[in-house]
Amino acid sequence: DLPLLQVIPNTTFRCTGLNISGVPAGVPNTTQNLDLSFSNLKLLRSNYFSSVPELQLLDLSRCHLHKIEDNSFKELHRLSTLILTANSLQYLGTAAFYGLISLKKLVLVETNITSLTDLPIGHLHTLQELNLGHNNIASVKLPKYFSNLTSLRHLSFFSNKITYISKGDFDALREGNRLNLTLVLSLNYIKSVELGSFARIHLGELVLRSTFENFSMMHTSLQGLTGLQVNRLIVGEFRNKERLTDFQSGLLSGLCQVQMQEFVLICFREFKNKTDTLFNCIDNVSTIRLVNLKLQDISEVPVSSQVKELEFKKCHFQEVPAMKLSTFKELRVLRITKNRYLKSFEQKFDNLTNLEVVDLSENILTFSGCCSCLFQNCPNLKHLNLSFNSDIRLTGEFTNMKNLLYLDLQHTKLFGPGSYPVFLSLQKLIYLDISHTNTHVKSQCTFCGLNSLQVLKMAGNSFENNRLANNFKNLSHLHTLDISSCKLVQVDQSTFDALSELKELNISNNKLLTFDPGVYQPLQALRALDFSNNQLTVLLDSALEILPDNLALLDISQNLFDCTCVNLNFLKWIKEKQELLQNKELMICHMPQDMKNMSLSSFDLSSCHLSVSKIVFLVIMVLSAVVFIFLIYKYYFQLYYVLVLLSGCKHSAERGDTYDAFVIHSSKDQEWVIKELVEPLEGGTPPFQLCLYYRDFLPGVPIVTNIIEEGFLSSRNVIAVISTDFLESKWCSFEFDIAQSWQLVEGKVGIIMIVLEEVNKALLRQRLGLSQYLRRNTYLEWKNKEISKHIFWRQLTSVLLKGKQWNN
């Protein structure tokens, strides 16, 4: 069998290292990408690839090809990329590339080409990239057919044997628009460029790296670029193939007659003090990038400088040269990055009224007094990046930077944030990154003033007591919040109340045990939530219900999931939400032990159904029998009135809800009921109407009839005031039993339990039915404390408001 590797079924095949004379028989005619590199083809004949007419990419690297005959690619009308790297081509038919009407990229690297004249590509009108690197081309003179290659965007003569560039060599580029063409002449041995060779030529990019043998030839050759118009000119060396090391004064003077938008000088080992003319002929360039230079100082800047964007990358500054940089009066963007010796920032930028972006990232800066005093009279500064430095002390002094929109301080040790509001003046800031800055949030006013903030990233920091409190109360416009890896163990109820516009929340890699619905319910605009790598065992039904409808990405992987049948609803939900859940392969069971490390997605739901249904059935049967016998034996009197209730059910709809609640209580608790319950509810806003036996029962009617008709049939809810006297009262016991029966029959009345704090617990445990009801249902506790009363009234009124009819 042939070693065919099907990377993408029926589309992409890799068949490398085969001793074959044609396309392998196992490759279908639907193949679009075919890699035959390192094979032993030697020769391509006419219609060689007719069996794979759908090819879009063909790699024939190192196939020992020495001859390509006419029409070898004739049937490949859709081929866009052809790679012929490292084949020693001795013969190319004049029609070798016929039929390639869609070819965009042709790679002829290391193919023993010595001349462009006989290269049969003049008909490839769709060609965008031609790579002729590592050949033996000595003359760069472009044949006339290059004027037909109007789609060409990249032409590389990298590492050839070009020594002279003469007038007329690039005449073919003068015809038509070449504003997007990149011309690469790096790693040649150019000794001179004849004056006028580039006159009236427009290029997108010209690359001249390690191109000249010495500084004299480089200086002369750069003068030969006179008349060139180019968007980007790259001049310099390669770090591992340096021919020139010590930069000489006046080296760039030949560029005075070159029109360019961007100039890049790269890889010169020594500069020392020979920088006095560095900017003389490039001061009218819009963008200057100085990369990997041992530049320790900045030369004098011409007064007429038009530089708008300036970058120093991997240079050798020891302090930020703010004073000299302030002479670039038109400067809008400044980047000084990856300078491994840059540690001091004491000089001040002054009077740069156009400056908008300052990037000082990835240095070793240590300074205090950040940041207004360092940017005097720079009123339009909008983007400041001080990330990946050493130590910075924020004083809160941003008064001169009120237009700042972006502030990036990540991975820099900060002093100040968290203890007091250092960002108070940044009213317009929309992006703040203080991730991994050693910030410890103590003050709830840490982010005060940031009223326009949309993105806050503070991963890898910490909060007081590892607790997230009301720290984001003023960030009402926040869209993205990252508080991952902050050692959080608790999130308070009101934490996210103000974040109604939040779309992305990353709270992963913390120590949270639960996903409390009350905490996350305000986040109804949320689209992405990362809750991974916490200590969550299950998402309760109540939590699943509050997840917003527009949530598109949810990551709850790497938690401590409990894969038992008790959590059947959650496990079923996991299977239904496969498109929503991220990193599903990391969602595995933590317990029970026999299921540890099993995927949640592969959990067998049917293993729960049989056992659960059988248990439920048995429990129901046993409970039914026990309840029936108990009621017959013990509560004959009550059962009689249940029959009365059943007969009264058909009239309940006609009666309507006269009262909001019927109050069951002991007569000995009447004073508490009147003072603490009736007066606040009936006299409050909105008012509630209560049914009380001593006030609302009809005279002359049996008590039991009043309880049923005036109490239960006319009320939406039942309030039971549980006290020691209640537990000792047979009437209260009777009323409570009837209430449970009525709740079961009618299915609409809620029993609201209020347990007074002086209740005798021992006596309560003796009341088996009541004790069990309290354990199964949420109840209210009355405590004589202000905060307890506040919670009590909020919960009670919330329940009573449900289903209440309003009369206007």
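Colleague: In which helix do D171 and R174 both lie, and how many residues apart are they?
Modeller: This is a predicted model. D171 and R174 are three residues apart, about one turn of the helix. Both lie in helix 1, residues 171-174.

Colleague: What joins the side chains of D171 and R174, and at what distance, N to O?
Modeller: Side chains of opposite charge can pair when their charged atoms come close. D171 itself is partly exposed, with a relative accessible area of 40%. Its side chain meets that of R174 in a salt bridge, N to O, at 2.2 Å.

Colleague: How many salt bridges does the structure hold?
Modeller: The pair D171 and R174 is one salt bridge, and R232 with E205 is another. The structure holds twelve.

Colleague: How many residues apart in sequence are the parts that R232 and E205 tie together?
Modeller: R232 forms a salt bridge with E205, with the closest N and O atoms 2.4 Å apart. R232 lies in strand 16 (residues 229-236) and E205 in strand 15 (residues 202-209), so the parts tied together are separated in sequence by 27 residues.

Colleague: Is E205 buried or exposed?
Modeller: Its partner R232 counts as partly exposed at 30% relative accessibility. E205 has a relative accessible area of 13%. Because buried means under 20%, E205 is buried.

Colleague: Which residue of the salt bridge between D696 and R695 is buried?
Modeller: The side chains of D696 and R695 meet at 3.3 Å, N to O. R695 has a relative accessible area of 36%, which makes R695 partly exposed. At 15%, the buried residue is D696.

Colleague: Which residues are joined into one network by salt bridges that share partners?
Modeller: R232 and E205 form a salt bridge. Through shared partners, the network joins E205, R232 and E262.

Colleague: Where is K338, a residue of the positive surface patch?
Modeller: The patch is formed by R239, K294, K314, K338 and R340. K338 is partly exposed, with a relative accessible area of 34%. K338 is found in the loop between strand 20 (333-337) and strand 21 (349-350).

Colleague: How many of the ten residues of helix 11 are buried?
Modeller: Helix 11 spans residues 703-712 and is mostly covered. Its buried residues include V704, I707 and F712. The number buried is seven.

Colleague: How far apart in space are T514 and V489, C-alpha to C-alpha?
Modeller: T514 is found in the loop between strand 36 (504-506) and helix 4 (517-520), and counts as exposed at 53% relative accessibility. T514 and V489 are 25 residues apart in sequence. In space, C-alpha to C-alpha, they are apart by 9.4 Å.

Technical notes
Residues numbered from 1 in each chain as written. Predicted model: local features only at pLDDT ≥ 70, side-chain atom pairs only at ≥ 80, totals over all residues. Heavy atoms only, no water. Patch = residues over 30% accessible without salt bridge, like charges linked within 9 Å, V, L, I, M, F, W, Y side chains within 5 Å. Areas by Shrake-Rupley, 256 points an atom, 1.4 Å probe, with all protein chains shown as cover. Salt bridge = Lys/Arg side-chain N within 4 Å of Asp/Glu carboxyl O. Lys, Arg positive; Asp, Glu negative; His and termini not counted. Charge placed at Lys NZ, Arg CZ, Asp CG, Glu CD. Helix = DSSP H or I, 4+ residues; strand = E, 2+ residues; numbered from the N terminus. Buried < 20%, exposed > 50% of the residue type's maximum accessible area, 1.4 Å probe, protein only.
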